[in-house]
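Here is a short briefing on a model with two chains in contact. Fold, interface and record annotations follow in turn.

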Amino acid sequence: MGKKKEKKELNEKVDVEAVEIEDDTWWWLTHKGIGATFLCISVFALLVRVAVSLHPYSGAGSPPKFGDYEAQRHWMEITLNLPVLEWYRNSTGNDLSYWGLDYPPLTAYQSYFHGLFLRFFDPDSVSLFTSRGYETYVGKLLMRWTVLSSDTLIFFPAIFYFAFVYHSSCHSSRKNDCAWHIAMLLLNPCLILIDHGHFQYNCISLGLTVAAIAAILSQRELLASCLFTLALSHKQMSVYYAPAFFSHLLGKCLRRKNPIHGVAKLGLTVLGTFTVVWWPYLHSTDALLGVLSRLAPFERGIYEDYVANFWCTSSVIIKWKRLFSVHSLKFISLTATVLTCLPSMVQQVMAPSSRGFLYGLLNSSFAFYLFSFQVHEKSILLPLLPASLLALEERRPFKWLMFYGLFSMFPLLCRDKLVLPYFALHALFMLLYHAPCGHGGRPRNARPNNTKFDYFDSFKTFMNGFIYLSSFILHIVYLTMHPPEKFPYLFEAIIMLICFYQFALFAFYTNVKQWSLLEHSTTEEEKKLI
Amino acid sequence: MESSSSTPQLLWFFAIAVCVKLLLIPAYHSTDFEVHRHWLALTHSLPLSNWYADETSPWTLDYPPFFACFERFLSIFAHYIDPQIVDLHNGLNYRANSAIYFLRISVILSDLWLLYGVYRLTKNADVKRRNLIWVLIVWSPALVMVDHLHFQYNGFLLGWLLLSISFLQEGKDLMGGFLFAVLLCFKHLFAVAAPVYFVYLLRHYCWEGLFRGFSRLSVLGAVVVAVFAAAYGPFLYHGQIQQVFNRMFPFGRGLCHAYWAPNFWVFYIILDKVFSFFLKKFGFSIQIPAASFTGGLVGDSSPFAVLPKISPSTTLIMVLLALSPCFIKAWTNPQPRMVARWIAYAYTCGFLFGWHVHEKASLHFVIPLAIVAVQSLEDAKHYFMLSIVSCYSLFPLLYEAQEYPIKVLLLLLHSILMWLGFSTKFTRASAPNTMVTAKKKGAQSKSIESSSPAAEKGGFTIGWVGKSYLLGLLLVEIWGQFLHPYLLGDKFPFVPLMLISTYCAFGIMYSWIWQLRWIISTT
């Protein structure tokens, strides 16, 4: 480890010089300060989002169930036309078997406001019952614009807040780095494809989470817990991050003079926020339980489709669904998730630090992605977010994760007819990552010449190259060839296997990384970060 | 080292643009898409002698022969992709994904020629200047709007023009002239700059003593004649030459296009309206012409109530008159470094005073001017205004709601990039010791920043006139998009468009005067 560290430092040193020499390429973009840089990159990111939204969405023109687009539109219809208490209840006006609302109340409120917007311009698009499968030019456009505006109003400011805090406190970083980092955060191809292609509102809950993270980095814990509670009330999937938030805040409180006071303050903030958001459903236990049961659809089984997590991958050998009942599977998956979260939580309770917190987010979200109940392909967005926040420190792993994250969603995006944006955004990401004189595109000779031939390194490079190549070929095979009739999902299964292998490796690596922070946390880290 | 690392960087800029253009494939395209698809079918299925005689579709071939050959070349690949694209009869209005993808990607790939032109122009420029030029041309929002949304091949054609300019700037006049002749055989609208080329080449290339001059003149003449012979010879052989010219120069089109290009004639029309309004008030009987400009396309009858009718020859004389200062300069002092300005100026004159000008023609001078935009602070200020105005004047091309955010964001991004780029270039350039060795620069950057108030003063700012003009642009847009439909409903649907052309015409007129002044004042 120590040797590696040394090597890395040497690397950095040489890099600093290399960058200063070639600083000119991006000097014009960054010299006006972070605000102007952010403005420029965010306008470009918006343009890309609008361009992606020209493409089809999930379930376009495919009755009777359509897809996520219809689900979101249907929620607007429901929330707009029915009283609050009926939103989550089966009734004559609300058929829960047709895209019933299964996200927490903040999503419902958001649907209500977006519904108002749609009704103002196109009343037919949200009228009760008659609007099912409504897909006119104007209707589609308005729906797309609701996602765009949510992105602009929530995700972008949150990223700005984060970039501002991160680059003013954590590092005396170079301006080029900052611009590169903002580009990586705003042009995350997976997020753009799912929100603006497939059609969802992940930008809202992820944006709230980023804002909460930024608040933690700037020592505003109450604000952070409030924001994270909002994120949780928008999408229950935000719970993937909960262990990290919990352990980091607990660890910090424990180090104060009066730990109980700190914990109580945070607890009250969380409870208060929950109360406000869930207010309409708090009058009776029935209503509350009704909503909660909608949020946890255990009857859908431990996994769906071909998601690259542990349960789905191992089901090639062990038929979980046949061996265990749903109830025992719930218990097993919960135990597995908690066990995988535990190391990173313990680390944060022992030595809470900003950097450790970001790693903790990554580790806990990976634990959930790999081991929890009912995971979607899209859930890879959750581990990807902290990975992109850490992109400056974990450059190559970040690229690696983005590549396989995208790859794991490839079958889904193919179903949505988003192949062209998939490749275009993939290419755009790689180009930005390797921007001239930015960080990915560092000239090779900037590295110190390692005269010693390292067998392990070359083996690793070979393996990585081999898997990269095979996944590239798989893309083409998936698009051009039909699987054998006996195994209609052969290609999906192979993609899943490769991605699971990579994700598991990655999760292991980041866990080790987080624990290695502990070794020298007391000296320089404290000085630097807290 | 710089020149060796410049190619990958330029390719990087281009590749970023390609990604965005690929994403824009499903966006709106105009009837020009069907025009070009039909030309593919036409050149693929008919023999050369029938290219200009065919009447299967109203979109008859009206570009010069080289462009037809270009379409013929593309049709070979189109045939492999999907034979129906190039089917003369079954392919009419064919809009399958295969056709859209093929044609869109052909535009994206043909932009490589523009890229080569830019590469040749900037290969000897210093890093900062080069990067800015790339941003201005390779990421030009106007080109994206016209070529990749509206659908045309301007990038490819401008590539020839830029290549020609790059050769002229290097002093390789013969090659420059040859490339320009080729360009004319691709699209004859570029001929506006031909007189400037003629004067410049005659003086700079041929004016070297009697014998040598004469031999050079004959070489140049032979090259140009050879190009034209290669283009038109086959049609002459088939006896089709008259038909070719009939198609290329359709008479009976009006002074202005349906949507007025923001040029001089806008003022003329407005003046006519104002006169007729006041004369009627004072009791004169004025015949309001049936074919009014607000109604759309104009036929043969005079559209003016009071002012004299304008004929194509009048516009020609006006263009030549406007060009005359440039002729004099090019004759008295032919300098390679001024060539780009002169050519851009010629296209500006053609745009302002020409007959039946399309708004898209503003590309012909905005793109070449990008080369000189980074030369001085004055240039940068002028280009900043011109580029925004000309891009904004293209907005009515994309009138559907779906593309609205795209065009706005494109213009916004372009303005921000220009503002950032120019202000860096010219704050730093005026600070002392900018050309210090690279290593010191990192350490010095802070001190330059802190000591820059003096430099800021001379830095990139647009005065209050410019600012209020740009603000007015915003108001015009808000009026046209939101207030007009809200307040007046469907009444006077032409007013927003008229406002845009009139308002942008001021900007283009300003640019013309500015260029004219520059040309006259430089020695």
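**Fold of chain B**

Chain B has 21 helices and zero strands; helices (H or I, at least four residues) and strands (E, at least two) are DSSP runs, numbered from the N terminus. The model is predicted: local features need pLDDT of at least 70, side-chain atom pairs count only at pLDDT 80 or more, and totals for chains, interfaces and linings use all residues. Residues are numbered from 1 along each chain as its sequence is written, while chains are lettered from A and ligands numbered from 1 in the order in which they are written.

- Of the 523 residues in chain B, 42% are buried (20 or more other C-beta atoms within 10 Å of the residue's own, C-beta atoms being placed from the backbone).
- Take contacts in chain B between residues at least 6 apart in sequence: 74% join residues at least 24 apart. Contact means C-beta atoms, placed from the backbone, within 7 Å.

**Interface with chain A**

- On chain B, 34 residues are in contact with 31 residues of chain A.
- Helices H1 (2-23), H5 (127-138), H17 (404-430) and H18 (438-450) of chain B each supply at least two residues of the side that touches chain A.
- H17(B) gives the most to that side, with twelve residues.
- That side of chain B divides into 24 nonpolar, six polar and four charged residues. Nonpolar covers Ala, Val, Leu, Ile, Met, Phe, Trp, Tyr, Cys and Pro; charged covers Asp, Glu, Lys and Arg; the others, Gly among them, are polar.

**Annotated spans in chain A**

- An unreviewed UniProt entry annotates "transmembrane region" in chain A, including residues 142-166 and 262-281. Such annotations may be inferred rather than shown by experiment.
- Residues 142-166 of chain A are 100% helix and 0% strand, with end C-alpha atoms 35 Å apart.
- Residues 262-281 of chain A are 85% helix and 0% strand, with end C-alpha atoms 29 Å apart.

Methods
A residue is buried if 20 or more other C-beta atoms lie within 10 Å of its own, exposed if 12 or fewer, and partly exposed in between; C-beta atoms are placed from the backbone.
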